[in-house]
Number of protein chains: 4
Amino acid sequence: MKGMFVKAVVFKGPFEVAVEQVDDPRIEQPTDAVIRITTANICGSDLHPYEGRVDFDAGMVLGHENMGIVEEIGPGVDRIHVGDRVSVPFNLACGSCRNCNDGWTSACLRANPSGQPGAGFGYPMMGPYWGGQAELLRVPWADFNLLELPAGNQWENDFTLLSDAFPTGYHGTELAKVTPGKTVAIFGAGPVGLLAAMSANVRGASQTFVVDHQLDRLALAERIGATAINAADGDPVEMIMDATDGFGVDCGVEAVGYQAHDATGQEHPALVLDNLVAVVRATGSIGVVGVYEPEDPGASTDSAKEGRYAFDFGTAFTKGLSLGTGQCPVKKYNRYLRDLIIREQAKPSIIVSHEVGLEQAPEAYARFDKRENGYTKVLLHPNAA
Amino acid sequence: MKGMFVKAVVFKGPFEVAVEQVDDPRIEQPTDAVIRITTANICGSDLHPYEGRVDFDAGMVLGHENMGIVEEIGPGVDRIHVGDRVSVPFNLACGSCRNCNDGWTSACLRANPSGQPGAGFGYPMMGPYWGGQAELLRVPWADFNLLELPAGNQWENDFTLLSDAFPTGYHGTELAKVTPGKTVAIFGAGPVGLLAAMSANVRGASQTFVVDHQLDRLALAERIGATAINAADGDPVEMIMDATDGFGVDCGVEAVGYQAHDATGQEHPALVLDNLVAVVRATGSIGVVGVYEPEDPGASTDSAKEGRYAFDFGTAFTKGLSLGTGQCPVKKYNRYLRDLIIREQAKPSIIVSHEVGLEQAPEAYARFDKRENGYTKVLLHPNAA
Amino acid sequence: MKGMFVKAVVFKGPFEVAVEQVDDPRIEQPTDAVIRITTANICGSDLHPYEGRVDFDAGMVLGHENMGIVEEIGPGVDRIHVGDRVSVPFNLACGSCRNCNDGWTSACLRANPSGQPGAGFGYPMMGPYWGGQAELLRVPWADFNLLELPAGNQWENDFTLLSDAFPTGYHGTELAKVTPGKTVAIFGAGPVGLLAAMSANVRGASQTFVVDHQLDRLALAERIGATAINAADGDPVEMIMDATDGFGVDCGVEAVGYQAHDATGQEHPALVLDNLVAVVRATGSIGVVGVYEPEDPGASTDSAKEGRYAFDFGTAFTKGLSLGTGQCPVKKYNRYLRDLIIREQAKPSIIVSHEVGLEQAPEAYARFDKRENGYTKVLLHPNAA
Amino acid sequence: MKGMFVKAVVFKGPFEVAVEQVDDPRIEQPTDAVIRITTANICGSDLHPYEGRVDFDAGMVLGHENMGIVEEIGPGVDRIHVGDRVSVPFNLACGSCRNCNDGWTSACLRANPSGQPGAGFGYPMMGPYWGGQAELLRVPWADFNLLELPAGNQWENDFTLLSDAFPTGYHGTELAKVTPGKTVAIFGAGPVGLLAAMSANVRGASQTFVVDHQLDRLALAERIGATAINAADGDPVEMIMDATDGFGVDCGVEAVGYQAHDATGQEHPALVLDNLVAVVRATGSIGVVGVYEPEDPGASTDSAKEGRYAFDFGTAFTKGLSLGTGQCPVKKYNRYLRDLIIREQAKPSIIVSHEVGLEQAPEAYARFDKRENGYTKVLLHPNAA
């Protein structure tokens, strides 16, 4: 395999990705593994660099939602074996720093050469690591990072959501402290919001509302068992208040992020946070997994340009709300979510809308970026026949 | 006792309180008790109505930090007895609604006739209940609300801090998730901040920083065992970063509130939140017990006027911080804090600076409001000889 | 109503209950309510006094699983109203002692005149309170104890399980630390075991095993979504080990109690605990809601006679297991379980096998005691037309 | 270094250890490190094989409480560097199995070739790994297992207790759910019991009782701030009940184990568990870190011989107690306890009674085994000048 090239989705610049030959990933450290990718998903956050909203180096390979078969391991790998089918968490973590020890692989203190906590594959600010929208992927600290899966190809489209969207949705419900019998409002019916709804079911919520204004996604929310709230039809806070006898919900999940926009497409960076503060009852909790940025030159308000989001914090305090935020530490959840899939208690693949080969990636990016109707989740199969 | 009058501290209007005769509090409901006040404290938040920063009805009796001896009980009171020495939590709670059941007496759903969660004594927006800066105080749902204390007058100045400042400081450390070995930064060395520092000790923090720019209060912080950070000497974030090898602290406590001001006296409503987001390490937690208001016409920025505090939320998200907020549910902690006092493990009276009779209340309000040097905590003894 | 008599199921002595006229329950304290019973269930633990296995005073009215309509309230009741439909937790609690404050209504320090923690209705050692297998029931501290239900008679057979069996089963899964994705083994397919299985589903277990040797009950377990393990077919530990690749389960629930017996009917008081220690994986947790007694003169071993159950504690230690035990504090869960019923996320009435009028109670006791096939759960409707 | 020999304390048979030359530990796997031992402690549990109470292979090197300087690392070690000063947890763990991921390094699923969860150094049943009562020690999975310490030799006698006794005592208080204001009873004033008392202080206990009948150890308990209860003076349960107004304590810690004996020296394997069940209040928690064995041919009762300890489980159930058990997962706590030492909040070296060179180990074993007065904790310094 040495000295060869592999095909990969390469970032060229805003609105331009290409499938090109790149140097093949190989074992660089004794604890590395190389994975032959069977499925790599396009994530909504891949659109941030794609749209030029955040800087990204041209030439980088994209893709942080990866799974596949172990192709090669370094001599320091003793748990994972060649031939194992594995899921690769989007967080790349060392497994031995203080944060990894505490379960916060999302804030690994060693993997990112920049010194910032948290590293990942093929993503801006997350270190120099290539992504997995490619035939092969190098995974450092393989024994720690890789989640083993049953051999074969059963549940492939479910398992592929274990690298990011399912645990991230689940993390939203964890931060929101969803427990049996509680009510939940989720803003955003993208993959993360929909799988947060599925996670709320798993955790025993008595009722889950999902707010969006795209009908195809709201239909998926209903199929998952949630109550769809179409924000195009009126004020979602009012609709949820009406449905809860004016009490509001116990838990809120933010699955939209800083590019929140109203039904007309106008951005309002604090809109979703304000709605959550309004709709979550006093003493309730909000989990924020939609991304907010420390700075965002393209933002629609001056304060948001510098990462200041002027939401109703005074009301949040008066209600005694708690807010949990940040990227999901995938390893904390992926094993348990895998077992729910295997034992048929959860079927996250319900959100998958498209499956294509690597060559179709540029077109898939373009159409997903336009949020064409039905483009909920696109899977790439780089090594498919 | 019926048909008599008692002396009380009455709110007349901004910057004006008076000691007057008012109708004596009496049993109105079977579950009421009437308390003869031995000590009632002036709280920093009493200065909000005093300064006219929040509206308050003229004629109301002030005081939500109360303790005393049970004078009379209604026929539905079966746990508390006449003659019992008791502490009265500042939250007034029904004991049987959903929030009270869950331990959130700070958000009782029934005690406040306005329908807003949360009620209290002698305070704006907290219902029609008179305060305890008076000879007598009526306490509804007495069996539930009152905390029994050892007979006599030992530990009076410690126990009097059980009604608000000590549990509120403790709540800050609870929301900040202080556990043994962690490091803590507390902004604000008022009574709540100082007792948050004492609480951090109780919870096993390895190091606690207290930030302020008043030297007398910083000296108290040191006596409590904390590391004083004088914000008049430079950037407190930088000083704490230097003291933690650039790592920051695990936990942050906001004990200042919306009237945060710099060393020159200029208000910056988001200053403390920004500092906390900067100084708390990735994955850390912030407890906000300093008050933020849903609206504040006197605020220094437009967004703060409507309760929007434009702090660095983008950075908070990137670091994966959690924020807990709101008033302290006193009953959740006061029994345990009482036992620490009795068994000499905590001595909160270290912060008490002045003790006066009821007649001196107006002067004490005026001097405390000017934050005269040494005015940390003023106790009123309405029934002292 | 005063001065009248009501019909009630009265304990006469071992194996003898009678439906008799007794003095009508009435308001004795200002905080009392009187409930007109719509449904009162017979509980498996009612068979302990019925069989003479524990002492019980002749003349006592039986029944601790009660619901109905509020008939009358005392002057100190301000939350509950006449005409409210309510569930009555089997624990009778004061609402203001330390244990009630901490959510441990199962160990109320004041309600039981014996001084022992914990009181209840119509049950040995739980105080002098009459049970609810009667037309009327007096409920002390009504505002605290009663759970409000939607008006009407919808979900009657579901709601009636909120007083004991459903929350007790749920408590088993709480003590066993069931969280999403975990595997669970429940020993005992009586009402509590079956509703523990339903609770494990609610909490997101990936797989739940239910062990018993009664086929009708195992069939119910399968209908609830669990995997039935018939202990008559072999060693249940081995069967569960085989089904989990030799790993065992994460969580175990003991829903049998000290009268555990093998398929031949022989009592083995430590049998279920031993099986749980064997089948729960290292670091796992066991919730014990099946009853063990401090003394049991009728026990089959000498140590069990004095409440000493010689189970494999050495192995439990080596595996690092945790054990939670004891009666369920119903109020901690019943509100949330009620909401799951209302929003159609849980249907506990699946376990109800028989509904009869009060007059049929003696026969129902006799047949239930013989565990006649199909006698899973008997409901009495004392005021049915 | 290759091909040389090192001195080590070798187990020869019951009551016989010798200091001998053994093959030098060296890097065997890429993720190994070799440590030059600065301090290795003798643990009370080393006396189990020493006394022949559990089987142990002759020729094994003893010692599971180790610290030192990194001498050499394998090519897969990237966090720890040669020259680092480190503490070695007694649990030897892979860092990547499910239990390690969940923080249960005490039950690592991969490190013990026997297939049993949990491995360690120089101890029966814990795998083939040599102990550290030697000049050098091989540590597998070094990046994961080793805790970095400040360079130099400050706090050496404190840090050496981070490998076992301090975290194990702390684990007892964690399993017993000690939180601020609670009361605690600790049975056993050996190193683990004493450091459990120190841990209870750190966690904010309002009062801690330590029970033993050795006066030197009780004196240490008092120096740590606990209330000493001399079991030679009467029934410790009664004494603690008297000191708590008959209420009992909130939390209990078992720091004695299966060889519990009364003041006359007679073994009673269930004695301490019975006392804890009696003295811990209803709804309280017991942490069992004293060792119980699955089988113990030398036990004083038939049931204890097969690992069945017939304690008052019926009373435990009636009180609703919880019991946590098992070996401490050291990594969960050692970093935080280290920081308490560095910041002078805890000084565990107070329990150290003797420091000797490696050659004195046989004598130290013999005298420690006789529990000679003053023999609380013996440290070996294998490489001391």
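Biologist: Which residue of chain D comes closest to the rotation axis?
Modeller: Ala310(D) does, with its C-alpha at 2.0 Å from the axis. Please note that this is a predicted model, in which local features need pLDDT of at least 70 and side-chain atom pairs count only at pLDDT 80 or more, while totals for chains, interfaces and linings use all residues. Residues are numbered from 1 along each chain as its sequence is written, chains are lettered from A and ligands numbered from 1 in the order in which they are written, and side-chain values use heavy atoms, with hydrogens and water left out.

Biologist: By what turn can chain D be laid on chain C?
Modeller: A turn of 180° with a shift of 0.0 Å along the axis lays chain D on chain C, with an RMSD of 0.0 Å. That is the relation of a two-fold axis. Copies are superposed by least squares on the C-alpha atoms of residues with pLDDT of at least 70 in both.

Biologist: And what turn lays chain B on chain A?
Modeller: For chain B on chain A the turn is 180° and the shift along the axis 0.0 Å, with an RMSD of 0.0 Å. The C-alpha of chain B nearest the axis belongs to Ala310(B), at 2.0 Å.

Biologist: How many residues of chain B are in contact with chain A?
Modeller: 43 residues of chain B are in contact with 43 residues of chain A, contact being heavy atoms within 4.5 Å. Of the interface residues of chain B, 100% are also interface residues in chain A, so the copies meet through the same surface.

Biologist: How many salt bridges are there between chain B and chain A?
Modeller: The count is 6, a salt bridge being a side-chain nitrogen of Lys or Arg within 4 Å of a carboxyl oxygen of Asp or Glu. One of these pairs is Asp250(A) with Arg98(B), whose closest N and O atoms are 2.7 Å apart.

Biologist: Which elements of chain B each supply at least two residues of the side that touches chain A?
Modeller: They are helices H2 (98–101), H9 (271–279) and H11 (313–319), and strands E12 (280–288) and E13 (322–325). Helices (H or I, at least four residues) and strands (E, at least two) are DSSP runs, numbered from the N terminus. H11(B) gives the most, with 6 residues.

Biologist: What joins strand E13 of chain A to E13(B)?
Modeller: 3 bridges join these strands, which run antiparallel; strands pair if DSSP finds at least two bridges between them. Ser322(A) has Gly324(B) as its bridge partner.
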